[in-house]
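Open the model in your viewer and keep the sequence panel beside it. The tour goes stop by stop, with a selection to make at each.

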Amino acid sequence: MIRSTQVAIRSQRVTIIPARHYDETSRSMKAMLLKDYKDLSITDMPEPDVGPRDLLIKVQACGICGSDIHGYDGSTGRRVPPLVMGHEAAGTVARVGDDVAGFQPGDRVTFDSTISCGRCDFCRRGSINLCDNRRVLGVSCGEYRQHGAFAEFVSVPENICYHLPDNLSFEHAALIEAVSIAVHAANRTPVALGSSAVVVGSGMIGLLTIQAIRLAGCAKVIAVDLDAGKLQKALDLGADHVLQADQVDVAEEVRKLTGGHGADAALEVVGATSTIQTCIDSVRKGGSVTLVGNVSPKVEVPLQAIVSRELTLYGSCASNGEYPQCIELLKSGAIKVDPLITARASLDEGPDWFQRLYAGEPGAMKVIIQPNG
Ligand SMILES: [Zn+2]
Ligand SMILES: [Zn+2]
């Protein structure tokens, strides 16, 4: 009932009826709100404020991220209710703030999940992912609450937005955020033409990392996971070899595949002691391990192996301005995301999908919510 009233108010604006029928403060939208842990519902909320440098974006696609599923039950402390989650999105510009220069209503856009300030020392030196005033869309962690894109509209600053080419669909564009994490991890990893790499973890980000590290020049990419279905996807998306971690000794198999030395690099996309250990055991002396997985606050690492074999560990956080390259990689088909999309769903179907993903929906990868679909 409330909903139909709001629709009426919007259409009244278009047909220009007397101003007294239009109240700026009454504009509202549908959003999927985390009211309490594990309690998501579709509610009416005020449309977000649009500051002078912000874009109001009509959300056409927003992916459910693993971090949303982990945050949904309160275990990560990064989704303190009430909160609208959602940070992997694309849509059309509905309105622009007074000082916005590069975008107009109707433009097709995507945006970074990290809101960087552009003014701190780290932003100024080009490390926007390390911004001192960093906020992540769809996160509330005690220090801030930044509503995200599981809603009809989201407001984001112009400096994190990117134009989309016409031939890139909104649902593929919603995966650019995930692609950017993989591309940044590949950019952090010192590989050259012909290098070998092991990717431990073949979930969503792992499958993108396999593609990214291949594009970075690796001639041999070895994928590791426990799940045979994910490993099949890894093969489909370009892994040369796959190893099922509970069936074989991964480090030994990697050595066999790399002339007895171990791989030049390993990328860890899980975030646990055992998988980090697998990476460290799988690289050659002088090799590197890039840490992308970020689930456990603390893990144990084999100090003496790292020191005596002179390994280098890299942390890789979100992405650092790689969006334009990621858009090119998707547009050209160099990175494929369509095989990773499990389902497309309406906003109303969102809470149910959260429950199913939380319960470990078999074979599920990316579920795309289409709030205006
Ligand atoms: Zn995410
Ligand atoms: Zn900054």
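Helices (H or I, at least four residues) and strands (E, at least two) are DSSP runs, numbered from the N terminus. Keep that numbering in mind at the pocket: strand 2 (39–46) and strand 10 (153–157) each supply at least two residues of its lining, the pocket being the second largest. Remember throughout that this is a predicted model.

**Stop 1: the second largest pocket**

Select strand 10 first. Strand 10 gives the most to the lining of the second largest pocket, with five residues. Now show P48, D49, Q146, H147 and S155. Of the 17 residues that line the pocket, these lie nearest its centre. Colour the lining by residue class: ten residues are nonpolar, four polar and three charged. The pocket's volume is about 310 Å³. Rolling a probe the size of a water molecule over the atoms shows where empty space is left.

**Stop 2: the zinc ion**

Select ligand 1. Which residues coordinate the zinc ion? C65 does so through SG, H87 through NE2 and E88 through OE, at 2.1 to 2.7 Å. Along the sequence, these donor residues are spaced C-x21-H-E. C65 sits in the loop between strand 3 (54–63) and helix 2 (66–72), and E88 in strand 4 (residues 88–96), so the pair ties together parts that are 23 residues apart in sequence.

Switch on the surface here. Are C65 and E88 buried or exposed? C65 counts as buried because its relative accessibility is 16%, and buried means under 20%. E88 is buried too, with a relative accessible area of 2%.

**Stop 3: a cis peptide bond**

Select P81 and P82. The peptide bond from P81 to P82 is cis, with omega near -5°. P82 belongs to the loop between helix 2 and strand 4. Most residues other than glycine have a negative phi, and most peptide bonds are trans.

**Stop 4: T114 and its contacts**

Select T114, in strand 6 (residues 114–115). T114 is buried, with 2% relative accessible area. What does T114 contact, leaving aside its neighbours within four places in sequence? The partners are I128, R134, R135, I160 and A318. Add N320 and draw a distance between the C-alpha atoms of T114 and N320. The separation is 9.4 Å, for residues 206 apart along the chain.

**Stop 5: two positive phi values**

Stay with A318, one of the contacts of T114. Phi of A318 is near 50°, a positive value in a residue other than glycine. A318 lies in the loop between strand 17 and helix 11 (323–331). A318 is buried, at 16% relative accessible area.

Then select E310. Its phi is near 50° as well, again positive and again not in a glycine. E310 is in the loop between helix 10 (303–308) and strand 17 (312–315). Here the side of the cut-off changes: E310 is exposed, with a relative accessible area of 63%.

**Last stop: the whole chain**

Zoom out and switch to cartoon. The protein has twelve helices and 19 strands. Its radius of gyration is 22 Å, close to the 21 Å that the globule rule gives for 373 residues, so the protein is as compact as a globular protein of that length. Along the principal axes, the C-alpha atoms fill a box of roughly 80 × 40 × 40 Å. Colour by burial: buried residues make up 51% of the 373. Now look at contacts with a separation of 6 or more: residues 24 or more positions apart account for 69% of them.

Definitions and conventions: Residues are numbered from 1 along each chain as its sequence is written. Chains are lettered from A and ligands numbered from 1 in the order in which they are written. This is a predicted model: local features need pLDDT of at least 70, side-chain atom pairs count only at pLDDT 80 or more; totals for chains, interfaces and linings use all residues. Side-chain values use heavy atoms; hydrogens and water are left out. Donors are N, O and S atoms within 2.8 Å of the metal (3.2 Å for Na, K and Ca); water is not among the atoms, so sites may look incomplete. Buried means under 20% relative accessible area, exposed over 50%, partly exposed in between (1.4 Å probe, protein chains only). On a 1 Å grid over the protein atoms alone, a cavity is a set of points where a 1.4 Å probe fits but cannot get out, and a pocket is an open set with protein on both sides within 12 Å along at least five of seven lines; lining residues have an atom within 4 Å of a point. Grid points are joined across faces, edges and corners, and a volume is the space filled by probe spheres set on the points. Ala, Val, Leu, Ile, Met, Phe, Trp, Tyr, Cys and Pro count as nonpolar, Asp, Glu, Lys and Arg as charged, and the others, Gly among them, as polar. The radius of gyration is taken over C-alpha atoms; the globule rule is 2.2 Å times the number of residues to the power 0.38. Contact means heavy atoms within 4.5 Å.
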